[in-house]
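Hi,

Here is the structure I promised to pass on. Have a look at it first, and then read on for what I found in it.

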Amino acid sequence: MERRSFVRAMTGLALAPAVGSLVRGVPVVAAPGARARLKIGFLGAAYSHAAPKLALLRDHPDFELVGVWDDDPQVRDQVSGQGMPVLSQDEVLARSEVIAVESVVRDHARHALIALSAGKHVHLEKPPSLRLDDFQEIVELARQKQLVLQGGYQYRYHPAFDAVIEAVREGWLGDVFMVRATMNNQLAVERRADWGQYAGGVMYELGSHMVEAVVRLLGKPAQVTPFLFTHGPYGDGFKDNTLAVFEYPRAIATISSATFQPSAGAYRAFEVLGTSGTATIRPLEPPALAIDLARAAGPYQAGMNNRSWPEWERFVGDLLELAAAVRGERQLCVTLEQELAVQETLLRASGML
């Protein structure tokens, strides 16, 4: 979702809740007399994730939204219509400590470099760049300036993914030999042109969430083989039915992403198969996890274990960890080296490297 779809998403912003109620089971409450909030501004607001992030920032305990810039008049009008300040690019940079890059995909890398060059911490929407060397430059600049750089993948702070990663790292599933992930949608025809700008098509735009999860779980693969097809009857070349295979020394992973599935959200899934058990997240939202073990391990009994997190909300955890990292209270859960591994793997899975 980019410019046209952002306009639709913004219509519900005024009624959005101030802050999600729970993050990993911890209430999110702004304490009276709390320390000064961090000033955050947006470079771009056309991306689909801008609207829910702006909703969370409307009255956030850790952040003060100073303003939004976008080069599209329609997006600016929508932001202004929701009662949020619209500033020039220079004003956003001057007034902010933290910059959220939520522009259209082709501008993500450019705007991240502008913000880092101005000495600002950055929350960078996914996918972060069209080329690996651009992202390498972003990471190097963040290192040089000792600035926080947080990738904007919506399942990075997701309790079911956290639980699966814990189960794998603790050895509760045994040796992982296979991961299977599916991330589909039913894309409106008028949006195909937006996503079709990029050679990786739906894998690059939507499948990126699952690439991030696989790399966070297993690390950078030894080999990536993409299968990118155009199966829609529109003659536009948009890669709308895709699969990528990831090879590891003792495991394989597959990610499929397509644009034709009705009610696709209910079928999005992440499955990890190990020699001692299987973990399956389905649906991804609201998170539901089933762990089936050959023998009891950790907090789980032998056989089927079911967990759910009905109150989880996207981006709440992202903002909480971003604030803590900027204040020097903790490190981000994903290092810059891991960010680089995710981006390289994504570009390979998208046939763009």
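In which sense, left-handed or right-handed, does helix H7 pass helix H10? I'll get to that in a moment, but please keep in mind that this is a predicted model.

**The H7 and H10 pair**

The crossing of H7 past H10 is right-handed. H7 covers residues 159–169, and its axis comes within 10 Å of the axis of H10, with a crossing angle of roughly 25 degrees. That angle makes the two helices, H7 and H10, roughly parallel. On the H7 side the contact is made by Phe161, Asp162, Val164, Ile165, Val168 and Arg169, while H10 brings Met210, Ala213, Arg216 and Leu217. Sorted by class, the contact of H7 with H10 has seven nonpolar residues, three charged ones and no polar ones.

**The sheet next to H10**

H10 (residues 208–218) also lies across four strands: S8, S10 (241–248), S11 (251–258) and S12. It runs at about 25 degrees to S12. These strands belong to an open sheet of eight, with mixed pairing, in the order S9-S10-S11-S8-S12-S13-S14-S15. At the edges sit S9 (223–229) and S15 (303–308), each of which pairs on one side only. From one strand to the next, the twist averages 10 degrees.

If you want one pairing to look at, try S8 (residues 176–182) with S12 (residues 269–274): they pair in the antiparallel sense over six bridges. Within that pair, Val179 has Val272 of S12 as its bridge partner.

A second helix, H12 (residues 336–349), lies across S9 and S10, and it runs at about 45 degrees to S9.

Val245 is a handy residue to click on, and you'll find it in strand S10. Leaving out residues up to four places away in sequence, Val245 touches Gln223, Val224, Thr225, Phe227, Ala253 and Thr254. Gln223 is 22 residues from Val245 along the chain, and their C-alpha atoms are separated by 8.2 Å.

**The H5 and H6 pair**

Here is another helix pair to set beside the one above. H5 (residues 108–117) and H6 (residues 132–145) have axes that come within 10 Å and cross at roughly 15 degrees. This makes H5 roughly parallel to H6. H5 passes H6 in a left-handed crossing. From H5, the contact draws on Ala109, Ala112, Leu113, Leu116 and Ser117; from H6, it draws on Asp134, Glu137, Ile138, Leu141, Ala142 and Lys145. By class, the contact of H5 with H6 has seven nonpolar residues, one polar and three charged.

**Two buried elements**

Lastly, go back to an earlier part of the chain. Strand S3 (residues 38–43) has five of its six residues buried, so S3 is largely enclosed by the rest of the structure. It pairs with S4 (residues 63–69) in the parallel sense over six bridges, and Leu38 stands opposite Phe63 in S4.

Helix H2 (residues 50–57) is also largely enclosed by the rest of the structure, because seven of its eight residues are buried. The buried residues of H2 are Ala50, Ala51, Leu54, Ala55, Leu56 and Leu57, along with a lysine, Lys53.

Cheers

Definitions and conventions
Residues numbered from 1 in each chain as written. Predicted model: local features only at pLDDT ≥ 70, side-chain atom pairs only at ≥ 80, totals over all residues. Heavy atoms only, no water. Pairing = 2+ DSSP bridges. Axes fitted to C-alpha atoms, helices over the stretch in contact; angles between N-to-C directions. Contact = heavy atoms within 4.5 Å. Parallel < 35°, antiparallel > 145°, perpendicular 65-115°, else oblique. Left-handed = near helix turned anticlockwise from the far one by under 90°. Nonpolar A, V, L, I, M, F, W, Y, C, P; charged D, E, K, R; others polar. Buried < 20%, exposed > 50% of the residue type's maximum accessible area, 1.4 Å probe, protein only.
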